[in-house]
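Trainee: I am new to this model and would like a close look at a single part of it. Please take one strand and work outward from there.

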Amino acid sequence: MASWSEKMLQLLRRMNNFHLPGSSLESCLRFEVAGEQVGWIYPKVASILGCFPAVFRPYGSTITFSSGLDTFESRSVAVDEVLKELRREATFTCLIGWRDEQYAVMPRYCDPPLMYMERAATSLFGVKRYGVHVNGYTRDSSGNLNMWLARRSLTKQTYPGRLDNMAAGGLAASCSVRHTMVKECEEEACIPQGLAEQARPVGTVSYTYEDDEGIFPECQFVFDLELPLNFQPHIGDGEVQAFYYYPIEKVKELLVSEEFKPNCAMVVLDFLIRHAIIEPDSEPYYHEFVAGLHRSL
C-alpha cells in the first residue's frame, strides 16, 4: 500500500500531468493573441475552430485571430459568439457548465488583458486561470494548529461534495485579488469584512493538468487567515454544505483521500510546508512537493 508521501506525490503528478512524458503537449497548437502565446489548444478543438474562418486563423502549429480582430473588444465579442454557438450545438461538454463569468486572457498576470473569455471555455484554449484560496486556521495557547475545512455543495458543477479550503473562488475579470478574497470569505463562510481583511497573502500555488475537457494552467493566490478560537464560519451562498474544524494532523491525513478537491489539497500542503508541519529531514519528497506546488505555467 502506498504511503502518505507517495500518495501526495501521485496527486502532484496528476495535477501537473501536462508536463509529463506522454502528455498532449507535443501535439497541441499554440494559441496566440497579438503575437503573444496565451494558451494551448488540442488538435481536435483546433479542427472545430477551423469552421469559423472569420474568427480563427491557423498557421503552422499556431492558431490566432483572423485579420480585423485586432482589438480587445472585437476579439472578446467574436469569441463569445463562437462559444455560444458551440454551446447551443453541445459540441463540448465543458460548455454545459456555462458560468456567465468572464476571465481575462493575457500572457502573464502582470500583462494587460488581450481579451475576455467565458470561464467555462478557458480549458478549450488552455489559457491561464487564476483564483484565490483562504486557509482559515487557529492556534491555541500551546501552539497547536487547527484548520477549518469546507465541504462543497452537491450542486457544484465541479467536484461536488468534496472537501475544500474554508473559502475560495475564481478571479473574475476586472476584480482584484484582495477584493475577491474578501468577497469569497463573506459570501461562502459569512466572515465579516473586518476579519477577512486581516488575511495575509502568503504566495501562490501553480500547476497545469489536462483531461478530456481541455488544458488547465492554473495559479491560485493563497491567503492565511488566523481566526479567533471562538469563531465559527457559517454557510452563506449555498456553495458550501458544511464546515469542519480539525486538528492539523487530521487535515494532513485527509489530503490524500478521495474526499479532497485536488487543487485545494495542494493549497493545504503548501500551508503544512510553510508552517513546518512537514520538514525536509522527515519528508523524503520535500523537494518534490515544493517543486510540484510551484510549476511555471
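Trainee: In which sense do strand E1 and strand E4 (residues 62-65) pair, and over how many bridges?

Mentor: Keep in mind that this is a predicted model. E1 and E4 pair in the parallel sense, and two bridges join them. In this pairing, Arg-30 of E1 stands opposite Thr-62 in E4. The bridge partner of Phe-31 in E4 is Ile-63.

Now take the other partner of the strand. Strand E2 (residues 36-41) is joined to E1 by five bridges, and these two strands run antiparallel. Phe-31 appears here too, since its bridge partner in E2 is Gly-39. Phe-31 thus has a bridge partner in E2, namely Gly-39, and a bridge partner in E4, namely Ile-63.

How enclosed is E1 itself? The strand spans residues 29-33, and four of its five residues are buried, so E1 is largely enclosed by the rest of the structure. A residue counts as buried here when its relative accessible area is under 20%.

Step back to the sheet that holds the strand. It is an open sheet of four strands in the order E2-E1-E4-E3, with mixed pairing. Its edges are E2 and strand E3 (56-59), each of which pairs on one side only. From one strand to the next, the twist averages 30 degrees. On the faces of a sheet in general, the side chains of a regular strand alternate between one face and the other.

Follow the chain from E1 into E2 next. These two strands form a hairpin with two residues between them. Ala-34 lies in the loop between E1 and E2. Ala-34 is exposed, because its relative accessibility is 57% and the cut-off for exposed is over 50%. The backbone at Ala-34 deserves a look as well: phi is positive, at about 55 degrees, although Ala-34 is not a glycine. Most residues other than glycine have a negative phi. Another positive phi in a residue other than glycine is found at Tyr-159, where the value is near 50 degrees. Tyr-159 sits in the loop between E8 and E9. At 30% relative accessibility, Tyr-159 is classed as partly exposed.

Where does E1 fall in the wider layout? The domain assignment gives domain 1 as 4-18 + 129-293 and domain 2 as 23-125. Residues 29-33, which make up E1, fall inside the bounds 23-125 of domain 2. The C-alpha centres of the two domains lie 29 Å apart. Across the boundary, 20 residues of domain 1 are in contact with 25 residues of domain 2.

Ser-123 gives a detailed view of one spot. This residue is found in helix H4 (residues 122-125). Its relative accessibility is 3%, so Ser-123 counts as buried. A polar atom of the Ser-123 side chain lies 2.8 Å from the backbone oxygen of Glu-213. Setting aside residues up to four places away in sequence, Ser-123 touches Cys-94, Glu-213, Gly-214, Ile-215 and Phe-216.

For contrast with the strand, consider two helices and their buried residues. In helix H7 (residues 248-255), the buried residues are Ile-248, Val-251, Lys-252, Leu-254 and Leu-255. They cover an arc of only 165 degrees around the axis, which puts them on the same side of H7. Those residues pack against H1, strand E8 (145-152), strand E9 (163-165), strand E13 (240-247) and H8. Helix H9 (residues 286-293) has Phe-289, Gly-292 and Leu-293 as its buried residues. Seen down the axis of H9, they fall within an arc of 95 degrees, so they line one face of the helix. Their cover includes helix H1 (4-14), strand E11 (200-211) and helix H8 (262-274).

E11 also contains an exposed residue, Pro-201, with a relative accessible area of 55%. Beyond its neighbours within four places in sequence, Pro-201 is in contact with Arg-178, Val-222 and Phe-223.

To return to the strand you asked about: E1 pairs in the parallel sense with E4 and runs antiparallel to E2.

Methods. Residues are numbered from 1 along each chain as its sequence is written. This is a predicted model: local features need pLDDT of at least 70, side-chain atom pairs count only at pLDDT 80 or more; totals for chains, interfaces and linings use all residues. Side-chain values use heavy atoms; hydrogens and water are left out. Buried means under 20% relative accessible area, exposed over 50%, partly exposed in between (1.4 Å probe, protein chains only). Two strands pair if DSSP finds at least two bridges between them. The arc is that of the directions from the helix axis to the C-beta atoms. Contact means heavy atoms within 4.5 Å. A polar contact is a pair of N or O atoms within 3.5 Å; within protein, one must be able to donate a hydrogen and the other to accept it, and residues adjacent in sequence count only if both atoms are side-chain atoms. Axes are lines fitted to C-alpha atoms, for helices over the stretch in contact, and angles run from 0 to 180 degrees between N-to-C directions. Domain bounds come from an automatic or database domain assignment.
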